[in-house]
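This report covers selected local features of one protein model. The sequence and structure come first, and the text then takes up a few residues and elements in turn.

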Amino acid sequence: MGLCVASQEWDKHLHLRQTPLEGAMDYHDVQEISNSFTIHDFKSGDVIVEKGTTSDAVYAIVSGEASLILKEREGKSPISVTIGVNNFVGGYGLISDAKDRPIEYVSVLGSSEGKYVKLGIVQFEKLKQSNPKSYQIIRDLIALRHSALEIPFFQQVTKSWKQESRDIFASLFRYQAFTEYEELIAESGKQADRLIILIKGRLSISNMRKGDEVFHLSEAGKLLNLTSLFYNYGQNCWDITASPPSQSEFTQVLFLPRTDFKKFLNANVVDCYKQFEQASIEYLLREMRTQQRLFLHVVEEKYISEFCSLWKLKEYGENVKITMKQSFNVRNGSSSTTVTKTYFHIVVGGSADAYSNEKRVHNGKQMRKAHRRQFLYGCGIGILSNKLAALNSELSIFSGKTRCLLLTLEKDDFDKFFNKIGKHDVATELAEQDVASNYNGQNRSQTSHTPGFPSRLGESPSRSNKRECKFRYTHTSGNSGTQFSGQNSTQNNQPTLDSERDANK
């Protein structure tokens with residue numbers, strides 16, 4: 001590893017365009033400050049940033065790849081994530097107001113041949129005098145990853161973490177700036193494999209293949225595809241593109257790849273899976289509450305955290321019957337009592353398919369007779385009343401081909417909560433209306449959201465389709481619903497994110 005030779009210095013400003021400065025500063029300004037940076041070669045195994053050293057410089061990979069080490073393991077390869085171009089690494093010491101400069105909490109090693117640029121504390125402070133505008137832009141870009149932790153969703157999870165854990169987690173965010181209108185951020189039909197965070201500017205959402213209406217988002221801190229962190233099988237059915245409000249502005253986005261998130265969990269930097277799961281449940285329910293889905297909007301703000309704590313996140317494998325009612329024996333001394341629990345679910349990933357319980361025999365095999373009805377994001381299924389129990393007695397509901405991620409609530413918890421706040425009857429009536437319309441094929445949950453916004457990012461809000469079932473009535477693959485148990489989930493039930501969530505407000 002070493003400083004690049006003088007003959008390569010002429011294109012330093014071009015290399016700086018492979019950093020977050022691209023988009024944030026115009027070409028002339030990047031040229032003007034390029035001499036503040038040094039450019040270095042590295043090869044596989046070279047130390048670029050060393051854990052435990054004083055944080056007195058910020059780095060950026062401008063060609064090749066490097067590995068950010070989350071956890072060293074004796075006798076095994078370390079747990080690491082890949083860092084490429086367009087990201088600052090380290091540098092928190094440059095923006096810290098603490099008397100003692102902080103240290104670097106992660107090591108970064110070269111994983112191929114490449115180059116990186118470096119801006120040291122001395123040159124950074126000189127910029128404060130010679131070019132205060134560029135100084136502030138660089139400072140803001142370094143701080144951006146930590147600023148993301150102040151978004152309420154992340155703040156809820158990380159507020160009790162030590163500074164080391166916060167720094168390591170913030171290093172997982174990937175940055176990108178978009179200056180052109182309609183630059184593609186996520187493509188319909190592709191796997192939803194990362195959380196998208198809008199930092200600045202505007203995004204457009206549409207399905208270009210179907211010619212759907214275009215919707216715009218400009219809410220800083222908006223999370224898109226949240227469930228992709230927990231659900232591996234979702235696809236983007238919407239195209240997400242950058243749409244800067246004017247030619248002089250740009251759109252800033254942070255990404256959190258699911259693979260990096262899972263490696264962070266596996267590294268056990270901090271025990272946080274349950275916190276992320278609960279924060280995700282609350283975020284999704286708040287979004288659907290804003291869109292007045294089901295009975296969620298009758299819950300007042302002062303009760304919302306308590307209400308969200310009653311729900312669980314469950315993933316079902318492909319073509320698994322979804323549990324609506326469950327009976328089990330509870331022993332009390334020498335006797336036992338049969339207890340029956342019923343459940344209500346909201347689809348937040350993949351789909352659930354309903355089939356009539358009426359059967360027929362075809363070629364000596366029992367088949368479901370009636371058509372399939374597909375429930376997508378925001379649809380409610382399950383039992384909260386006698387009316388809903390009667391509806392469910394006519395149907396069997398299975399997870400779809402892309403599996404299914406559900407928010408699940410026990411009926412007993414529903415009854416206790418809504419009786420407590422005095423809204424049991426109205427909540428039950430709203431649930432009955434919504435579920436009945438879905439079961440009858442109207443898919444009210446697909447269209448009853450706040451006017452002017454799509455129902456979800458991940459599945460187009462089209463009507464359910466109908467078709468004959470082609471497999472045996474008695475066939476279910478896998479176990480019935482498997483509740484997440486954190487990092488120790490089996491491979492078939494890994495946390496993953498569905499194409500997700502509502503784009504809107």
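In this predicted model, the side chain of Ser399 makes a polar contact with the backbone nitrogen of Asn319 at 3.1 Å. The side chain of Ser399 also reaches the backbone oxygen of Gly317, at 2.3 Å. The two pairs are listed below.

| Side chain | Partner atom | Distance |
|---|---|---|
| Ser399 | backbone oxygen of Gly317 | 2.3 Å |
| Ser399 | backbone nitrogen of Asn319 | 3.1 Å |

Ser399 lies in strand β26, which spans residues 395-410. Its relative accessible area is 3%, so Ser399 counts as buried, the cut-off being under 20%. Leaving out residues up to four places away in sequence, Ser399 touches Tyr316, Gly317, Glu318, Asn319, Val320, Ile322, Ser351, Ala352, Asp353 and Cys404. Both partners of the polar contacts, Gly317 and Asn319, are therefore in a contact list that also includes Cys404.

**Cysteines**

How many disulfides are there in the model? The count is zero, where a disulfide requires a pair of cysteine sulfur atoms within 2.5 Å. Two cysteines can be described by their accessibility. Cys308 has a relative accessible area of 0% and is buried. Cys379 is buried as well, at 0% relative accessibility.

**Helix α8**

Is helix α8 enclosed or open to the outside? Helix α8 covers residues 163-170, and six of its eight residues are buried, so the helix is largely enclosed by the rest of the structure. The buried residues are Ser165, Arg166, Asp167, Ile168, Phe169 and Ala170. Charged side chains are thus not excluded from the list, since Arg166 and Asp167 are in it.

**A four-stranded sheet**

Strands β3, β8, β5 and β6 form an open sheet in the order β3-β8-β5-β6, with antiparallel pairing. The edges are β3 (47-49) and β6 (76-83), each of which pairs on one side only. From one strand to the next, the twist averages 40°.

Within this sheet, strand β5 (residues 66-73) pairs with β6 over six bridges, in the antiparallel sense. Ile69 stands opposite Ser80 in β6. Helix α9 (residues 258-266) packs on the sheet and touches both β5 and β6. The direction of helix α9 makes about 145° with that of β6.

Note on methods:
Residues are numbered from 1 along each chain as its sequence is written. This is a predicted model: local features need pLDDT of at least 70, side-chain atom pairs count only at pLDDT 80 or more; totals for chains, interfaces and linings use all residues. Side-chain values use heavy atoms; hydrogens and water are left out. Buried means under 20% relative accessible area, exposed over 50%, partly exposed in between (1.4 Å probe, protein chains only). Helices (H or I, at least four residues) and strands (E, at least two) are DSSP runs, numbered from the N terminus. A polar contact is a pair of N or O atoms within 3.5 Å; within protein, one must be able to donate a hydrogen and the other to accept it, and residues adjacent in sequence count only if both atoms are side-chain atoms. Contact means heavy atoms within 4.5 Å. Two strands pair if DSSP finds at least two bridges between them. Axes are lines fitted to C-alpha atoms, for helices over the stretch in contact, and angles run from 0 to 180 degrees between N-to-C directions.
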